[in-house]
Amino acid sequence: MKMKEKILFIAFLVFLGSNNLKSQSFNSGIFNVQGGLEIGGNYGLTQYNSQSPGKAITVDYGLPFKQDDNSTIGIGLYYASKSFTENKVYPMSENYYFNRVWNYNVFGLRGTYHYSFFDIKRLDTYVGAMINYNLVSFSYVDSYYDANPKAYGNPYPLSFNSSFRYTGFIGASYDIGKRIGAFAELAMGNYLVYAGLNIRF
């Protein structure tokens with residue numbers, strides 16, 4: 001984990017721990033739909049030089065089990081899409097270049113534990129974990145090896161495997177209307193920050 005990620009997590013945990021515990025706004029029987037953008041994340045790639053923001057949606061349901069500490073346990077589904085690109089000009093000629101693209105569709109199953117760490121009405125704070133399957137498709141254009149497929153050192157075809165990965169996160173959501181709220185999560189795994197709007201039913 002990078003130093004910046006460590007600092008963010010430590011600061012957030014200290015902030016949560018310094019507040020009084022109150023009842024949360026996410027309760028049993030509630031469906032919570034979140035949608036927004038993600039930045040950062042570990043997909044196991046090292047050779048890319050740019051990436052798109054991830055686009056994600058989650059659906060969480062508050063399980064109908066009463067907890068002695070007034071907390072709520074949720075289970076949910078997650079979907080996200082994200083792409084990485086690598087562009088390079090070959091040194092032997094500016095006419096030769098390659099462009100590689102990795103497109104990911106991510107499917108996840110997550111669990112959340114909601115417990116108020118703030119004395120603020122309409123605020124929900126939670127921690128959670130997710131197992132996710134990162135389904136990857138790879139495409140490329142390589143002007144040199146496309147024109148010279150038998151040239152020495154041709155690396156194609158390249159193969160990249162889809163994989164199961166894990167994500168741990170902490171988050172907070174604030175209701176700005178009767179059913180609509182804004183949320184943000186910090187995580188280690190498929191994203192570093194996930195933020196947007198949520199609707200509750």
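# A guided tour from the surface patch to the buried salt bridges

Begin by selecting phenylalanine 31, which has a relative accessible area of 42% and therefore counts as partly exposed. The model you are looking at is a predicted one, and phenylalanine 31 is found in its strand 1, which covers residues 31-39. Now extend the selection to Val59, Ile120, Tyr174, Ile176, Ile180, Leu197, Ile199 and Phe201, which together with Phe31 make a nonpolar surface patch of about 810 Å².

**The pairing around strand 4**

Next, colour strand 4, residues 72-89, and look at what is paired with it. Strand 2, a short entry in the selection list at residues 50-51, runs antiparallel to strand 4 and is joined to it by two bridges; if you pick serine 50, its bridge partner in strand 4 is threonine 85. Strand 3, residues 54-62, also runs antiparallel to strand 4, and here eight bridges join the two. Select threonine 58 to see one example, for its partner in strand 4 is tyrosine 78. Then add strand 5, residues 97-114, which pairs with strand 4 in the antiparallel sense over 18 bridges; within that pairing, alanine 80 has valine 106 of strand 5 as its bridge partner.

**Salt bridges**

The structure holds five salt bridges, and three of them are visited here, starting with the pair that spans the two strands just coloured. Select arginine 100 and glutamate 86, whose closest N and O atoms are 3.5 Å apart in a salt bridge. This pair links distant parts of the chain, since arginine 100 lies in strand 5 and glutamate 86 in strand 4, 14 residues apart. Is arginine 100 buried or exposed? With a relative accessibility of 12%, arginine 100 counts as buried, because the cut-off for that class is under 20%, and glutamate 86, also given as 12%, counts as buried too.

Stay on strand 5 and move to arginine 110, which forms a salt bridge with glutamate 185, the closest N and O atoms being 3.1 Å apart. Here again distant parts of the chain are linked, with glutamate 185 in strand 8 (residues 180-188) and arginine 110 in strand 5, 75 residues apart. Glutamate 185 has 0% relative accessibility and so counts as buried, while arginine 110, at 2%, is likewise counted as buried. Add Asp60 to the selection at this point, as Asp60, Arg110 and Glu185 are linked in a network of salt bridges.

For the third pair, select aspartate 175 and arginine 200, which form a salt bridge with their closest N and O atoms 3.3 Å apart. The two residues belong to distant parts of the chain, aspartate 175 being in strand 7 and arginine 200 in strand 9 (residues 193-200), 25 residues apart. Both aspartate 175 and arginine 200 are buried.

**Serine 173**

Finish on strand 7, residues 163-175, where serine 173 has its place. Serine 173 has a relative accessible area of 1%, and is therefore buried. Show its side chain together with that of asparagine 198, since a polar contact of 3.0 Å joins the two side chains. What else is serine 173 in contact with, leaving aside its neighbours within four places in sequence? Besides Asn198, the contacts of serine 173 are Arg122, Leu123, Asp124, Tyr126, Ala182, Phe183 and Arg200, and the last of these, arginine 200, is the salt-bridge partner of aspartate 175 from the previous stop.

Technical notes
Residues are numbered from 1 along each chain as its sequence is written. This is a predicted model: local features need pLDDT of at least 70, side-chain atom pairs count only at pLDDT 80 or more; totals for chains, interfaces and linings use all residues. Side-chain values use heavy atoms; hydrogens and water are left out. Helices (H or I, at least four residues) and strands (E, at least two) are DSSP runs, numbered from the N terminus. Buried means under 20% relative accessible area, exposed over 50%, partly exposed in between (1.4 Å probe, protein chains only). A polar contact is a pair of N or O atoms within 3.5 Å; within protein, one must be able to donate a hydrogen and the other to accept it, and residues adjacent in sequence count only if both atoms are side-chain atoms. Contact means heavy atoms within 4.5 Å. Two strands pair if DSSP finds at least two bridges between them. Patches are made of residues with over 30% relative accessible area and no salt bridge: like charges are joined within 9 Å, nonpolar side chains (Val, Leu, Ile, Met, Phe, Trp, Tyr) within 5 Å. Accessible areas come from the Shrake-Rupley method with a 1.4 Å probe; for residues, only the protein chains shown count as cover. A salt bridge is a side-chain nitrogen of Lys or Arg within 4 Å of a carboxyl oxygen of Asp or Glu.
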